[in-house]
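Please find below a short note for a colleague who has not yet worked with this structure. The points may be read in any order.

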Number of protein chains: 4
Amino acid sequence: MEPIAEKKKLILESAFDIIKDQGFHGCPMSLVAKNAGVAAGTIYTYFESKNDLIFELYFHAKNIIYKHVSQKDDPSLDFKTRFFNYWNNLSQLYLDRPEIQRFFEQFMISPYNTLEVQNEDSPWYNWNGNFFKEGIDKGYLKNLSPEILFIMVIGSVNSMSKMRQNFNTKITEKGIDLNQLAEMTWDAIRKQK
Amino acid sequence: MEPIAEKKKLILESAFDIIKDQGFHGCPMSLVAKNAGVAAGTIYTYFESKNDLIFELYFHAKNIIYKHVSQKDDPSLDFKTRFFNYWNNLSQLYLDRPEIQRFFEQFMISPYNTLEVQNEDSPWYNWNGNFFKEGIDKGYLKNLSPEILFIMVIGSVNSMSKMRQNFNTKITEKGIDLNQLAEMTWDAIRKQK
Amino acid sequence: MEPIAEKKKLILESAFDIIKDQGFHGCPMSLVAKNAGVAAGTIYTYFESKNDLIFELYFHAKNIIYKHVSQKDDPSLDFKTRFFNYWNNLSQLYLDRPEIQRFFEQFMISPYNTLEVQNEDSPWYNWNGNFFKEGIDKGYLKNLSPEILFIMVIGSVNSMSKMRQNFNTKITEKGIDLNQLAEMTWDAIRKQK
Amino acid sequence: MEPIAEKKKLILESAFDIIKDQGFHGCPMSLVAKNAGVAAGTIYTYFESKNDLIFELYFHAKNIIYKHVSQKDDPSLDFKTRFFNYWNNLSQLYLDRPEIQRFFEQFMISPYNTLEVQNEDSPWYNWNGNFFKEGIDKGYLKNLSPEILFIMVIGSVNSMSKMRQNFNTKITEKGIDLNQLAEMTWDAIRKQK
DNA sequence: GATGAATGAGTGTTCATTCAT
DNA sequence: GATGAATGAACACTCATTCAT
């Protein structure tokens with residue numbers, strides 16, 4: 001149906017893969033092309049520039065996260081359960097597809113991450129706004145702005161995942177259980193009695 | 001007094017500054033030299049390589065953090081107060097010297113951050129180990145490993161600072177009070193009654 | 001016919017030429033590119049590195065010598081005649097294409113000439129082994145190892161060519177006839193009655 | 001007496017040493033200075049430039065050869081014996097002080113070896129002229145110009161020494177006796193009966 | 001005389017992008 | 001649309017030489 005998109009997808013995935021293993025700095029267009037099985041010039045049929053490719057990757061990645069977490073959320077459950085599901089699903093996604101986390105890490109601090117990009121609305125951020133608002137409204141969460149709850153939670157997941165990925169051996173050695181961060185984060189956001 | 005150290009310092013600060021504004025990616029040696037007011041070759045009088053320069057920056061930055069936080073800690077105070085001091089001091093340091101936070105962000109995910117570097121002992125990590133251990137022993141903090149408490153706290157400060165730096169306008173607009181993250185983090189780590 | 005090989009050839013010849021005039025020392029890639037009429041980066045389409053370029057030049061040069069001398073050898077002739085043909089052909093080649101001799105001179109004492117390179121089999125060395133062996137077996141040459149006869153002969157040709165190239169005026173002035181070296185070398189290797 | 005010459009000598013020897021091990025290409029002035037135990041700038045008190053240093057090395061080396069060979073020559077001996085002494089003394093000198101041979105190898109093909117340098121008279125070349133003239137006059141050597149006899153002999157010694165130095169293992173393996181080159185060279189220059 | 005920090009042109013090499021085919 | 005050879009500015013780093021001390 002979309003034979004063109006096929007090649008575009010190959011390029012995006014190739015870039016994703018390389019960034020996972022080598023970071024932005026080790027991701028030349030020539031390698032992206034080679035891994036995707038296309039010619040260097042072909043990339044420019046689908047993307048205006050490397051910049052453009054990176055942005056598409058960003059939206060792609062954010063969309064994967066959004067779908068993964070939102071689709072696995074069951075609003076009929078108890079909010080605390082939903083929070084731990086949220087945490088575990090996101091955490092698991094980062095574990096299963098390290099390229100996503102790695103990409104975000106790199107993207108966020110790269111010059112690609114302009115104010116413009118940051119200010120864009122996105123289904124993922126909107127969904128989170130609603131999720132945390134619901135938790136507040138139902139009396140489970142602290143009566144703060146949904147945004148700050150989101151910052152707290154997403155910061156914890158990121159922090160945990162980064163640790164898990166970068167210091168795995170050290171963490172195992174010391175017998176540190178990173179899942180405890182979920183409990184701690186829950187304590188951070190839940191309404192204290 | 002130390003005219004030699006003077007030039008080395010200029011180079012370090014120049015690199016720091018550039019990384020703050022443009023990231024590692026936009027920090028060629030030629031620009032470091034130019035901004036420091038020295039010739040390109042001069043850098044190599046003081047640093048063996050770019051690698052070497054980056055490492056010195058890393059140790060320099062970590063040391064600043066360590067000194068700033070540890071020197072302002074008053075062990076005679078109540079532990080909760082000490083925690084909020086810790087949080088506020090670190091937070092303030094990141095606010096005053098964004099290049100420090102920016103540098104760490106960049107360094108952590110760069111190829112410079114090898115396992116070797118990660119495994120090095122450092123006064124800052126040791127100090128934190130002791131700090132959180134004390135909190136546990138005195139019954140203020142959850143009975144978890146000091147390391148995981150550190151991960152939780154440092155993750156929150158970083159997350160908050162990154163938000164403050166990148167989304168300042170947006171945050172102000174929405175009336176979000178980032179200091180609430182300190183309270184939330186305290187709830188995350190304190191022993192629940 | 002082979003438009004690709006065309007450019008590679010231009011680069012090889014450019015390098016050859018520069019080395020002839022200025023030696024390895026005066027042969028930067030930028031100049032090779034300029035003389036070949038291509039951009040600096042283009043060289044790396046055809047050669048992995050300067051190293052690689054130099055090696056190709058080496059094999060190229062050795063092959064030219066091999067072909068030139070072996071193809072002009074007529075095994076049906078008297079061995080003494082064949083020897084003088086060998087000498088004259090090689091000598092003439094060096095005269096016509098000084099870049100070949102110059103290149104070898106440079107290569108042999110350069111860091112490129114590793115043990116690995118030295119130990120490689122080559123048609124040229126093999127052909128010489130057979131040539132001198134035949135001379136021994138047929139009773140024309142001293143009963144020594146073919147290798148040492150080769151060293152003697154090649155050393156003489158090189159020595160002569162170097163002189164001819166570097167001291168041409170002086171030699172002409174003094175009325176020195178370098179061809180006498182062929183006779184002398186024949187006396188050096190022939191079986192003495 | 002000559003405390004200044006002391007430092008100059010250190011520099012010359014340092015350069016000699018480095019060239020022996022690494023060739024011209026691995027002989028930066030900074031290293032010469034370091035090995036000589038002086039500051040980089042000090043070299044320029046004694047030598048106008050690297051060029052100048054190399055030239056002095058050249059004259060120094062040629063003088064060593066001249067003295068070594070001429071002083072060990074005993075004109076009262078039979079000429080054939082004198083020739084083999086000449087050969088063996090020069091060969092031994094190259095073996096004992098590889099830096100001399102290595103330097104000449106490098107110098108001869110370097111851009112330093114200008115026509116001007118080549119045309120300079122030198123005791124060494126003069127001595128050789130006389131040596132071979134005597135051989136001719138006494139009826140031992142072919143009735144050719146002394147110069148061409150010199151070219152033949154020096155070419156052989158150089159060729160042999162280069163082989164000995166660069167292909168030592170291979171030569172030993174194959175059981176090649178390089179001393180045979182002395183005999184061969186004698187046959188090359190001696191008057192044939 | 002001696003020092004060694006400073007210089008800056010020059011080195012080999014990379015890589016985002018273009019364009020003739 | 002697809003190709004991949006070609007480009008050339010940019011990069012990290014070297015080194016002969018200078019000059020203030």
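The numbered points below concern helix packing, aromatic pairs and chain contacts.

1. Status of the model. The structure is a predicted model, and every remark that follows should be read with this in mind.

2. Two helices of chain C. Helix 8 (residues 123–137) of chain C packs with helix 9 (residues 146–166) of chain C at an angle of about 105 degrees, and their axes lie 9 Å apart. Angles of 65 to 115 degrees count as roughly perpendicular, and helix 8 of chain C is therefore roughly perpendicular to helix 9 of chain C. From helix 8 of chain C, the contact is made by C:Trp124, C:Tyr125, C:Asn128, C:Gly129, C:Phe132, C:Lys133 and C:Ile136. Helix 9 of chain C contributes C:Pro146, C:Leu149, C:Phe150, C:Val153 and C:Ile154. By residue class, this contact between helix 8 and helix 9 of chain C comprises 9 nonpolar, 2 polar and 1 charged.

3. Aromatic pairs in chains A and C. Over all chains, the count comes to 98 aromatic pairs. In one of them, A:Phe16 and A:Phe103 meet edge-to-face, with 5.8 Å from centre to centre and 85 degrees between the planes. This pair links distant parts of the chain: A:Phe16 belongs to helix 1 (residues 3–22) of chain A and A:Phe103 to helix 6 (residues 98–109) of chain A, 87 residues apart. Both A:Phe16 and A:Phe103 are buried. An edge-to-face pair is also formed by C:Trp124 and C:Phe150, at 6.2 Å centre to centre and 75 degrees between the planes. Because C:Trp124 lies in helix 8 of chain C and C:Phe150 in helix 9 of chain C, the pair ties together parts that are 26 residues apart in sequence. C:Trp124 is buried, as is C:Phe150.

4. An aromatic cluster in chain A. One aromatic cluster is formed by A:Phe79, A:Tyr86, A:Trp124, A:Tyr125, A:Trp127, A:Phe131, A:Phe132, A:Tyr140 and A:Phe150.

5. Chains B and A. In chain B, 41 residues are in contact with 39 residues of chain A. The two chains, B and A, bury about 3,400 Å² between them, and 64% of this area is on carbon and sulfur atoms. Which three residues of chain B supply more of the area that chain B buries against chain A than any other three? They are B:Ile109, B:Ile151 and B:Met184, which supply 20% of that area.

6. Chains without contact. No contact joins chain B and chain C; their closest C-alpha atoms lie 20 Å apart. Chain A and chain D likewise have no contact, and their closest C-alpha atoms lie 32 Å apart.

Conventions:
Residues are numbered from 1 along each chain as its sequence is written. Chains are lettered from A and ligands numbered from 1 in the order in which they are written. This is a predicted model: local features need pLDDT of at least 70, side-chain atom pairs count only at pLDDT 80 or more; totals for chains, interfaces and linings use all residues. Side-chain values use heavy atoms; hydrogens and water are left out. Axes are lines fitted to C-alpha atoms, for helices over the stretch in contact, and angles run from 0 to 180 degrees between N-to-C directions. Helices (H or I, at least four residues) and strands (E, at least two) are DSSP runs, numbered from the N terminus. Angles under 35 degrees count as roughly parallel, over 145 as roughly antiparallel, 65 to 115 as roughly perpendicular and the rest as oblique. Contact means heavy atoms within 4.5 Å. Ala, Val, Leu, Ile, Met, Phe, Trp, Tyr, Cys and Pro count as nonpolar, Asp, Glu, Lys and Arg as charged, and the others, Gly among them, as polar. Rings of Phe, Tyr and Trp (its six-membered ring) pair if their centres lie within 6.5 Å; planes under 30 degrees apart count as stacked, over 60 as edge-to-face and the rest as tilted. Buried means under 20% relative accessible area, exposed over 50%, partly exposed in between (1.4 Å probe, protein chains only). Buried area is the accessible area (1.4 Å probe) that two parts lose on being put together, summed over both.
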